[in-house]
Amino acid sequence: MLTEIQEGKALNPVVKHITQEKINLYAEASGDFNPIHLDESFAATTPLGGTIAHGMLNLAYVSEMMTSAFGQSWLSEGKLRAKFKEPARPGDTLTINGKIDCVEQKDGVSYANCNFECLNQKGETIVTGETIIKLSSDKE
Amino acid sequence: MSVKTISYEELIPGYEFPPAIYELSASLVSKYLEAVDSAGDGFIPPLAITACVIAAMTGSLSLPSGTIVIHASQELEFFKLVPIGATIECHIGVAQKITRGKMSMLVLEFEVLDKGKEKVQSGRATIALPT
């Protein structure tokens with residue numbers, strides 16, 4: 001976990017390699033069997049040109065970075081807003097970066113506002129977004 | 001257990017999918033952690049709960065064969081940790097249905113409650129269905 005909550009502080013990045021096997025496992029775990037994720041011959045006929053990872057798989061990696069930085073504060077009271085820009089594909093290596101944009105106080109409670117981005121090995125943006133984490137309360 | 005499905009054409013704003021109940025067993029969590037390539041930390045990852053919401057939605061929605069579903073955006077808010085073995089109830093509704101040219105967009109809102117009816121998670125997902 002982060003020992004210092006400071007504006008501009010970078011979060012430890014998470015790096016993941018996407019494989020078709022991982023996409024298949026996520027489909028099993030989530031029950032999302034849309035053929036765009038699983039059927040390579042079907043996906044090749046679509047404008048996407050091949051299978052793509054589930055958007056929520058990419059967000060799971062973002063959540064891993066946030067959990068590593070903020071622990072239970074993220075798991076129990078986190079907020080996330082994400083936009084999916086490009087699909088992640090089998091063979092991609094994703095790097096999820098994040099940093100603390102600002103720390104603010106509202107009604108006696110401290111919050112860390114972070115931004116994050118998920119890039120592939122070509123530097124293309126796959127996902128961008130923001131998170132808010134409740135840090136502490138005067139009453140605690 | 002058979003799940004009643006609804007077709008995409010039948011969906012209208014305000015429609016609520018039948019509530020889905022999941023027991024977050026150790027094996028379900030373990031399967032999720034393997035899928036996301038994570039060691040876990042003793043808690044149920046909140047996105048494992050979101051995965052149950054997606055399973056509930058996809059299990060209840062019947063799409064024409066060959067329809068591509070693309071996740072466009074996602075909002076999530078977590079309210080509490082739930083222990084392994086907890087039972088959750090997923091409530092999903094259609095907030096908006098938009099058609100622009102050859103692109104259809106569906107905005108779904110959801111809430112996840114625990115056994116005591118306390119809110120565990122809420123969210124909003126926008127999915128695109130190019131036709």
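This is a short tour of the contact between chain A and chain B in a predicted model.

**Stop 1: the whole contact**

Color the two chains differently. Then select the residues where they touch. Chain A puts in 31 residues, and chain B puts in 31 residues. Now look at the chain A side alone. The elements giving two or more residues there are helix H1 (20–30), helix H4 (55–70), helix H5 (72–77) and strand E2 (78–84). Which of these elements gives the most to this side? H4(A) does, with 8 residues. Next, color the chain A side by residue class. You should find 12 nonpolar, 10 polar and 9 charged residues.

**Stop 2: a strand pair across the chains**

Select E2(A), and add strand E4 of chain B, residues 70–78. The two strands run antiparallel, and 5 bridges join them. For one facing pair, pick A:Lys83. Opposite this lysine stands B:Ser73, in E4(B).

**Stop 3: H4 of chain A with H2 of chain B**

Go back to H4(A). Add helix H2 of chain B, residues 46–60. The axes of H4(A) and H2(B) are 10 Å apart, and the packing angle is about 165°. Angles over 145 degrees count as roughly antiparallel, so H4(A) is roughly antiparallel to H2(B). The crossing here is right-handed.

Now show the side chains. From H4(A), select A:Met56, A:Leu59, A:Ala60 and A:Ser63. They meet B:Pro46, B:Leu47, B:Thr50, B:Ala51 and B:Ile54 of H2(B). How many charged residues does this helix contact have? It has no charged residues; 7 are nonpolar and 2 are polar.

**Stop 4: the two H1 helices**

Select H1(A) together with helix H1 of chain B, residues 26–35. Their axes lie 8 Å apart, at an angle of about 155°. Because of that angle, H1(A) is roughly antiparallel to H1(B). Is the crossing of H1(A) and H1(B) left-handed or right-handed? It is left-handed.

Show side chains once more. On H1(A), pick A:Lys22, A:Leu25, A:Tyr26, A:Glu28 and A:Ala29. Across from them, in H1(B), are the residues they meet: B:Lys31, B:Tyr32, B:Glu34 and B:Ala35. Color this group by class as well. The contact of H1(A) with H1(B) holds 5 nonpolar and 4 charged residues, with no polar ones.

**Last look**

Show both helix pairs together. H4(A) crosses H2(B) in a right-handed way, whereas H1(A) and H1(B) make a left-handed crossing. Then add E2(A) and E4(B), the antiparallel strands.

Definitions and conventions: Residues numbered from 1 in each chain as written. Chains lettered and ligands numbered in written order. Predicted model: local features only at pLDDT ≥ 70, side-chain atom pairs only at ≥ 80, totals over all residues. Contact = placed C-beta atoms within 7 Å. Helix = DSSP H or I, 4+ residues; strand = E, 2+ residues; numbered from the N terminus. Nonpolar A, V, L, I, M, F, W, Y, C, P; charged D, E, K, R; others polar. Pairing = 2+ DSSP bridges. Axes fitted to C-alpha atoms, helices over the stretch in contact; angles between N-to-C directions. Parallel < 35°, antiparallel > 145°, perpendicular 65-115°, else oblique. Left-handed = near helix turned anticlockwise from the far one by under 90°.
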